[in-house]
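Work through the exercises below with the sequence and the model open. Each task is followed by a solution in steps.

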Amino acid sequence: MSRFWMALGALSGLIAVAMAAYASHGLDPARGALAMTGASLQAWHALALLGTGLLAERRRGALPQVAAACFALGSLAFCAGVYLRALADVSIGLVTPAGGLLLMVGWGVLAAAALVAPPK
């Protein structure tokens, strides 16, 4: 599963770079700024997925897997909401803030994974 998280992180990073380029060159400044917010958060959480995948390779237990799942789902929900707003002026309601909350939960779970002794 750790390789899955790392591959997903790499693909997420690719999409973040593509969206940042499009936001800079293909959107008006206001929409571009919004899309850049999504791209920035997506890029940071792509790195978080890569790191969490590496942690999951080194240690047993559910916490690294839960953190990675939170990063993946949170990034998808949050960034999709931001991108839809920037590209099509469409709101998906509470999905976007729920994604942001999942990202925060992921960081908390990752901290727990770093501090709690792994199961034997």
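## Exercise 1: Leu-87

Leu-87 touches Met-19, Tyr-22, Leu-27 and Arg-31, not counting residues up to four places away in sequence. The model is a predicted one.

Task: Which element holds Leu-87, and is the residue buried, partly exposed or exposed?

Solution.
1. Find the element: Leu-87 sits in helix 3.
2. Read the accessibility: the relative accessible area of Leu-87 is 40%.
3. Apply the cut-offs: buried means under 20% and exposed over 50%, so a value in between is called partly exposed. Leu-87 is therefore partly exposed.
4. Add a distance along the chain: Gly-61 is 26 residues from Leu-87, and their C-alpha atoms are 40 Å apart.

## Exercise 2: Disulfides

Task: How many disulfides does the rule give, and why is Cys-79 not bonded to Cys-70?

Solution.
1. State the cut-off: two cysteine sulfur atoms must lie within 2.5 Å to count as a disulfide.
2. Take the count: the rule gives zero disulfides.
3. Check Cys-70: this residue is in no disulfide, and the nearest cysteine sulfur, in Cys-79, is 15 Å away.
4. Check Cys-79: its closest cysteine sulfur is that of Cys-70, and because the separation is 15 Å, the two are too far apart for a bond.
5. Add the surroundings: Cys-70 is buried at a relative accessible area of 9%, and Cys-79 is buried at 3%.

## Exercise 3: Salt bridges and an unusual phi

Task: How many salt bridges does a search of the whole structure find? Then describe the backbone at Asp-89.

Solution.
1. Count: the search of the whole structure finds two salt bridges.
2. Identify one pair: the side chains of Asp-28 and Arg-31 meet at 3.8 Å, N to O. Asp-28 is partly exposed, with 40% relative accessible area, and Arg-31 is partly exposed at 28%.
3. Identify another pair: Asp-89 and Arg-85 form a salt bridge through their side chains at 3.6 Å, N to O. Asp-89 is partly exposed at 48%, as is Arg-85 at 36%.
4. Link to Exercise 1: Arg-31, a partner of Asp-28, is also among the residues touched by Leu-87.
5. Locate Asp-89: this residue is in the loop between helix 3 and helix 4.
6. Read its backbone angle: Asp-89 has a positive phi of about 55° and is not a glycine.
7. Recall the general rule: most residues other than glycine have a negative phi.

## Exercise 4: The nonpolar core

Task: How many residues make up the largest nonpolar core, and which helix gives the most to this core?

Solution.
1. Take the size: the largest nonpolar core has 20 residues, and Ala-35, Leu-49 and Phe-71 have the most contacts inside it.
2. List the contributors: helix 1 (2–26), helix 2 (29–58), helix 3 (63–88) and helix 4 each supply at least two residues of this core.
3. Rank them: helix 3 gives the most, with nine residues.
4. Inspect one member: setting aside residues up to four places away in sequence, Leu-49 touches Trp-5, Met-6, Leu-8, Gly-9, Ala-68, Phe-71 and Ala-72.

## Exercise 5: Gly-51 and Thr-52

Task: Of Gly-51 and Thr-52, which is buried and which is partly exposed?

Solution.
1. Locate the residues: Gly-51 is in helix 2, and Thr-52 is in helix 2.
2. Classify Gly-51: a relative accessible area of 36% makes this residue partly exposed.
3. Classify Thr-52: at 0% relative accessible area, this residue is buried.
4. List what lies around Thr-52: leaving out neighbours within four places in sequence, its contacts are Pro-64, Ala-67, Ala-68, Phe-71 and Leu-110.
5. Add a distance for Gly-51: Ser-40 is 11 residues away along the chain, with 17 Å between the C-alpha atoms.

## Exercise 6: A surface patch

Task: Which residues form a nonpolar patch on the surface, and where does Val-116 lie?

Solution.
1. Name the members: Leu-63, Leu-115 and Val-116 form the patch, with about 290 Å² of accessible area together.
2. Place Val-116: this residue lies in the segment after helix 4 (95–115).
3. Check its exposure: Val-116 is partly exposed, with a relative accessible area of 43%.

Key
Residues are numbered from 1 along each chain as its sequence is written. This is a predicted model: local features need pLDDT of at least 70, side-chain atom pairs count only at pLDDT 80 or more; totals for chains, interfaces and linings use all residues. Side-chain values use heavy atoms; hydrogens and water are left out. Patches are made of residues with over 30% relative accessible area and no salt bridge: like charges are joined within 9 Å, nonpolar side chains (Val, Leu, Ile, Met, Phe, Trp, Tyr) within 5 Å. Accessible areas come from the Shrake-Rupley method with a 1.4 Å probe; for residues, only the protein chains shown count as cover. A salt bridge is a side-chain nitrogen of Lys or Arg within 4 Å of a carboxyl oxygen of Asp or Glu. Helices (H or I, at least four residues) and strands (E, at least two) are DSSP runs, numbered from the N terminus. Buried means under 20% relative accessible area, exposed over 50%, partly exposed in between (1.4 Å probe, protein chains only). A nonpolar core is a set of buried Ala, Val, Leu, Ile, Met, Phe, Trp, Tyr and Cys residues joined through side-chain atoms within 4.5 Å. Contact means heavy atoms within 4.5 Å.
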